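I opened this entry to keep track of what I looked up in the structure. The notes follow the order in which I checked things.

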Amino acid sequence: GFSPVEAGLLTVPLALMTMVASPLSGRIVGGRGARLPLVAFGVCTASACTMLTGLDADTPVLQLLAAYVVFGVGFGFVNAPITNAAVSGMPRAQAGVASAIATTSRQVGQTLGVALVGAIAASHAAGPADADIAAASHLGWWALTACGGVVLALGIVATSARALASARRTAAQLNPEALAA
């Protein structure tokens, strides 16, 4: 029931929290590795989406804002570790390509995610009324909650000692500078 301007203003906390968390994530990744930011993203995404699984036309604005703040924090934490993961197993000469592939993959994934969740919601909407659309979004929010849980699990597994050792071995094997020496 919000106007487009009101709906846009309600998402400002998400953007603000992303701006706050992004540089913090970069510092954490640089100093301690990618695990903490990836886990924070998984927890925040799963939590924020869970907060929206009961969304209806009468959901309090404060609940929406709280979910957007939590989601914004998580979203801010994810970019640095993804880029780090993409380039950490590659030689320096291939780091730009790896970063570009990671960025493109992230954008394609977000596009497909929006399309998939939109299709889920549209297929469950009985009509154009706000209450119908809000109720139809429940399954989509549960799907996004599950995605947050998957990222949480992958963040833990992909940053294990074994995974990091594998990345170092792969980088050494693919490094053209080491092969030439």
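**Entry 1: S25 and its helix**

I started at S25, which is found in helix α2. The model is a predicted one, and I read every value below with that in mind. Is S25 buried or exposed? S25 counts as buried because its relative accessibility is 0%, and the cut-off for buried is under 20%. I then listed what S25 touches, leaving aside neighbours within four places in sequence: P37, G76, F77, A80 and P81.

Next I took the helix as a whole. Helix α2 has 21 residues. From its first C-alpha to its last it reaches 30 Å, close to the 30 Å expected at 1.5 Å a residue. Which residues of α2 are buried? I noted P13, T18, A21, S25, I28 and V29. The partners of these buried residues are α1 (4-10), α3 and α4. I also recorded that G33, just after α2, takes a positive phi of about 105°.

**Entry 2: α2 against α4**

I looked up how helix α2 (residues 12-32) meets helix α4 (residues 61-88). The two pack at an angle of about 35°, and their axes are 7 Å apart. The crossing is right-handed. On the α2 side, the contact includes P13, L14, M17, T18, A21 and S22, and further along L24, S25, G26, I28 and V29. On the α4 side I noted, among them, L65, Y68, V69, F71, G72 and V73. F75, G76, F77, A80, P81 and N84 also belong to the α4 side.

How many charged residues does the contact of α2 with α4 have? By class, I found 16 nonpolar residues, seven polar ones and no charged ones.

I picked L14 for a closer look, which is also found in helix α2. L14 has a relative accessibility of 22% and therefore counts as partly exposed. Its contacts, neighbours within four places in sequence left aside, are Y68, F71 and G72. L14 and G72 are 58 residues apart in sequence, yet C-alpha to C-alpha they are 4.1 Å apart in space.

**Entry 3: the cysteines**

I searched the whole structure for disulfides and the result was zero. A disulfide is a covalent bond between the sulfur atoms of two cysteines. C49 is in no disulfide, and the nearest cysteine sulfur, that of C147, is 8.4 Å away. Why is the sulfur of C147 not bonded to that of C49? The closest cysteine sulfur to that of C147 is in C49 at 8.4 Å, which is too far for a bond, because the cut-off is within 2.5 Å. I checked burial for both residues. C49 counts as buried, at 2% relative accessibility. C147 counts as partly exposed, at 45%.

**Entry 4: a loop residue**

Where is T53 placed? T53 lies in the loop between α3 (35-51) and α4. T53 is buried, with a relative accessible area of 11%. With neighbours within four places in sequence set aside, I listed H138, W141, W142 and T145 as the contacts of T53.

**Entry 5: helix α5**

I moved on to helix α5 (residues 95-124), which has 30 residues. Its reach from first C-alpha to last is 43 Å, close to the 44 Å expected at 1.5 Å a residue. The buried residues of α5 are A98, A102, R106, V117, I120 and A121. An α-helix has 3.6 residues a turn, so residues three or four places apart point the same way.

S99 is found in helix α5 as well. I have S99 as partly exposed, with a relative accessible area of 23%. S99 touches T83 and V87, not counting residues up to four places away in sequence. S99 and V87 are 12 residues apart in sequence and 6.1 Å apart in space, C-alpha to C-alpha.

**Entry 6: the whole chain**

I left the overall figures for last. The protein has nine helices and zero strands, and along the sequence I read the pattern α-α-α-α-α-α-α-α-α. Its C-alpha atoms fill a box of roughly 70 × 30 × 30 Å along the principal axes. Of its 181 residues, 29% count as buried. Among contacts with a separation of 6 or more, residues 24 or more positions apart account for 71%.

Note on methods: Residues are numbered from 1 along each chain as its sequence is written. This is a predicted model: local features need pLDDT of at least 70, side-chain atom pairs count only at pLDDT 80 or more; totals for chains, interfaces and linings use all residues. Side-chain values use heavy atoms; hydrogens and water are left out. Axes are lines fitted to C-alpha atoms, for helices over the stretch in contact, and angles run from 0 to 180 degrees between N-to-C directions. Helices (H or I, at least four residues) and strands (E, at least two) are DSSP runs, numbered from the N terminus. A crossing is left-handed if the near helix is turned anticlockwise from the far one by less than a right angle, and right-handed if clockwise. Contact means heavy atoms within 4.5 Å. Ala, Val, Leu, Ile, Met, Phe, Trp, Tyr, Cys and Pro count as nonpolar, Asp, Glu, Lys and Arg as charged, and the others, Gly among them, as polar. Buried means under 20% relative accessible area, exposed over 50%, partly exposed in between (1.4 Å probe, protein chains only). The expected span of a helix is 1.5 Å times one less than its number of residues.
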